[in-house]
Amino acid sequence: MRYVPLTVLAACAVTAPAFATQYLSPEQAEKLMFPEADAFRPHPLALDTAQMRQVEQASGLPTRSAQWRVVGAYKGDTLLGYMVLDDVIGKFELISYAVGLNPDATVRQVEILAYRESHGSEIRLPAWRRQFVGKSARSGDLRIGAGINNISGATLSCTHVTDGVRRIAAVAQVALAR
Amino acid sequence: MIRRAQPWLGTLVEITVDDGAGQDAVTRAFAEIARLHALMSFHDRASDIARINRTLPGDVVDVDAATCDVLRLALHVADVSGGAFDIACAPWLVDRNILPAPAPDEVRPAPRASAGVFALEDDGRVVKLDAGWIDVGGIAKGYIVDAAVAVLQQAGAIEGCVNAGGDLRAFGAAPVPVAVRSPRAPGQAARHIMLCDEALATSGSYFSARVHEGGVVSALLDARDGRPLVAAASASVRAARCAVADALTKVVLATGDCRHPALAAFGATAFLT
């Protein structure tokens with residue numbers, strides 16, 4: 001069994017959000033984005049201050065983090081591109097997603113990995129939020145039971161994801177493009 | 001089941017299909033969604049809609065067959081709803097900063113009925129009749145859901161569901177359970193219903209309502225007079241096609257009438273939540 005922090009289990013048990021879905025694991029996403037790849041290697045990225053400033057200028061958004069979770073996709077020794085993993089927290093939602101990028105830093109594909117909503121008091125608690133940042137993209141951590149319903153309702157904007165994709169495209173332009 | 005989601009149409013679009021369909025079918029459906037998104041975007045200057053909005057009265061615009069389909073259905077719904085739904089309502093949305101001005105330097109056109117703003121020629125081209133701005137945000141999500149279902153079925157999918165931020169269509173023999181959000185507690189389901197080979201769309205202002213110049217506005221309005229629709233209730237419509245369901249939710253919300261004749265005209269039913 002995978003290690004799941006007890007605090008996460010406790011938070012889920014207490015708050016049990018109505019709407020949460022796990023779509024893809026990072027491994028499934030990288031295979032969908034780069035079907036021709038025969039190897040995926042971690043490519044952890046740490047931006048320096050100058051690069052963070054460049055990202056802010058290019059995207060018009062705060063860089064938010066110096067550390068980025070990046071995987072390189074290869075066929076033999078040839079680099080096919082990168083996949084960057086990220087999470088965004090909106091007013092009601094926590095979304096883990098992956099951005100596939102070509103070697104020239106153009107966006108190739110965006111896949112949502114996991115989606116989870118909270119409308120109660122728990123999302124306003126910094127501790128609740130902190131538990132998920134950096135963890136949610138890991139396969140399985142946010143699984144809240146199978147057989148989740150489809151939801152019909154007013155449209156929930158995905159501005160946070162589109163901003164996130166723009167920020168990652170800028171990170172790739174500054175630190176990954178060749 | 002295969003289940004994937006991507007950000008399109010300003011929301012998350014989710015596709016669920018049987019395993020037999022394969023990932024390729026889902027990838028193809030998302031490609032069609034991306035193509036239609038680019039054609040119907042109000043914001044993208046290269047879209048069919050943006051080009052129609054910038055066109056001067058008397059000029060003709062070439063548009064994709066899909067855009068033409070959406071415009072034809074929009075005119076029909078405007079007609080049978082007595083104008084409660086009308087895509088030429090965009091000037092009001094621009095005034096309220098919900099949409100950006102398509103041509104910032106020009107005088108803002110007055111909102112008028114869409115039948116006076118454009119007409120469709122027999123060859124599928126669009127004639128601009130008078131100054132006006134259109135926004136297909138109230139119908140295109142549903143249309144694109146229908147188009148994605150068609151791609152999935154052509155690719156061999158037997159059953160599944162496409163859900164564009166709450167406007168969805170189930171296909172195949174198996175009933176698909178759907179939760180309708182409670183407008184007062186959007187994290188909870190107000191009711192559960194089963195859909196079998198049909199569409200359900202829901203509109204409500206509980207996520208989009210905000211204060212503008214002292215009043216409350218939302219992305220939803222009554223196209224007859226521009227009145228913002230900010231009631232606490234949400235309107236849901238069941239219909240064979242999601243494009244129809246999507247557009248008719250605005251008619252029900254504007255009129256408060258779950259037995260509006262426009263519903264019967266399309267074989268649709270409605271409920272308020």
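How many bridges pair strand 10 of chain B with strand 13 of chain B, and in which sense? Keep that in mind while you set up the viewer. This is a predicted model, in which local features need pLDDT of at least 70 and side-chain atom pairs count only at pLDDT 80 or more, while totals for chains, interfaces and linings use all residues. Residues are numbered from 1 along each chain as its sequence is written, and chains are lettered from A and ligands numbered from 1 in the order in which they are written.

**Stop 1: strand 10 of chain B**

Select residues 199–203 of chain B, which make up strand 10. Strands here are DSSP runs of E with at least two residues, helices are runs of H or I with at least four, and both are numbered from the N terminus. Strand 10 and strand 13 (residues 235–239) of chain B pair in the antiparallel sense over five bridges; two strands count as paired if DSSP finds at least two bridges between them. Look across from Leu200(B) and you will find Arg238(B) in strand 13 of chain B.

Now add strand 7 (residues 167–171) of chain B, which is joined to strand 10 by two bridges, again antiparallel. Here Leu200(B) is the bridge partner of Leu168(B).

Is strand 10 of chain B mostly covered or mostly open? Mostly covered: five of its five residues are buried. Buried means that 20 or more other C-beta atoms lie within 10 Å of the residue's own, exposed means 12 or fewer, and partly exposed is in between, with C-beta atoms placed from the backbone. In a regular strand the side chains alternate between the two faces of the sheet. Colour Ala199(B), Ala201(B) and Ser203(B) for one side of strand 10, then Leu200(B) and Thr202(B) for the other; both sides are buried.

**Stop 2: where chain B touches chain A**

Show both chains. The contact takes 36 residues from chain B and 26 from chain A, where two residues are in contact if their C-beta atoms, placed from the backbone, lie within 7 Å. On the chain B side, the elements giving two or more residues include strand 1 (2–8), strand 2 (11–17) and strand 9 (189–195). Strand 8 of chain B gives the most, with six residues. The chain B side divides into 16 nonpolar, 17 polar and three charged residues. For this count, Ala, Val, Leu, Ile, Met, Phe, Trp, Tyr, Cys and Pro are nonpolar, Asp, Glu, Lys and Arg are charged, and the others, Gly among them, are polar.

Next, select strand 8 (residues 150–152) of chain A together with strand 8 of chain B: they run parallel and are joined by three bridges. Asn150(A) has Val178(B) as its bridge partner, and Ile151(A) stands opposite Ala179(B).

Add strand 9 of chain B to see an open sheet of three strands in the order 8(A)-8(B)-9(B), with mixed pairing. Strand 8 of chain A and strand 9 of chain B stand at the edges with a single partner strand each, so one side of each is left without a neighbour in the sheet.

**Stop 3: helix 1 of chain B and its partners**

Select residues 22–40 and 140–154 of chain B, helix 1 and helix 5. They pack at an angle of about 150°, with their axes 9 Å apart. That makes the two helices roughly antiparallel, a label for angles over 145 degrees (under 35 is roughly parallel, 65 to 115 roughly perpendicular and the rest oblique). Axes are lines fitted to C-alpha atoms, for helices over the stretch in contact, and angles run from 0 to 180 degrees between N-to-C directions.

Show side chains for the contact: Ala29(B), Ile33(B) and Leu36(B) are among the helix 1 residues that meet helix 5 residues, including Ile144(B), Ala148(B) and Val151(B). The contact divides into eleven nonpolar, one polar and two charged residues.

Then bring in helix 3 (residues 65–80) of chain B, which packs with helix 1 at about 65°, axes 10 Å apart. Leu36(B), Leu39(B) and Met40(B) in helix 1 meet Ala66(B), Thr67(B) and Val70(B) in helix 3.

**Stop 4: a last small sheet**

Finish with strands 3, 5 and 4 of chain B, an open antiparallel sheet in that order. Strand 3 (60–61) and strand 4 (118–120) are the edge strands. Three bridges join strand 4 to strand 5 (residues 126–128), and Ala119(B) stands opposite Val127(B).
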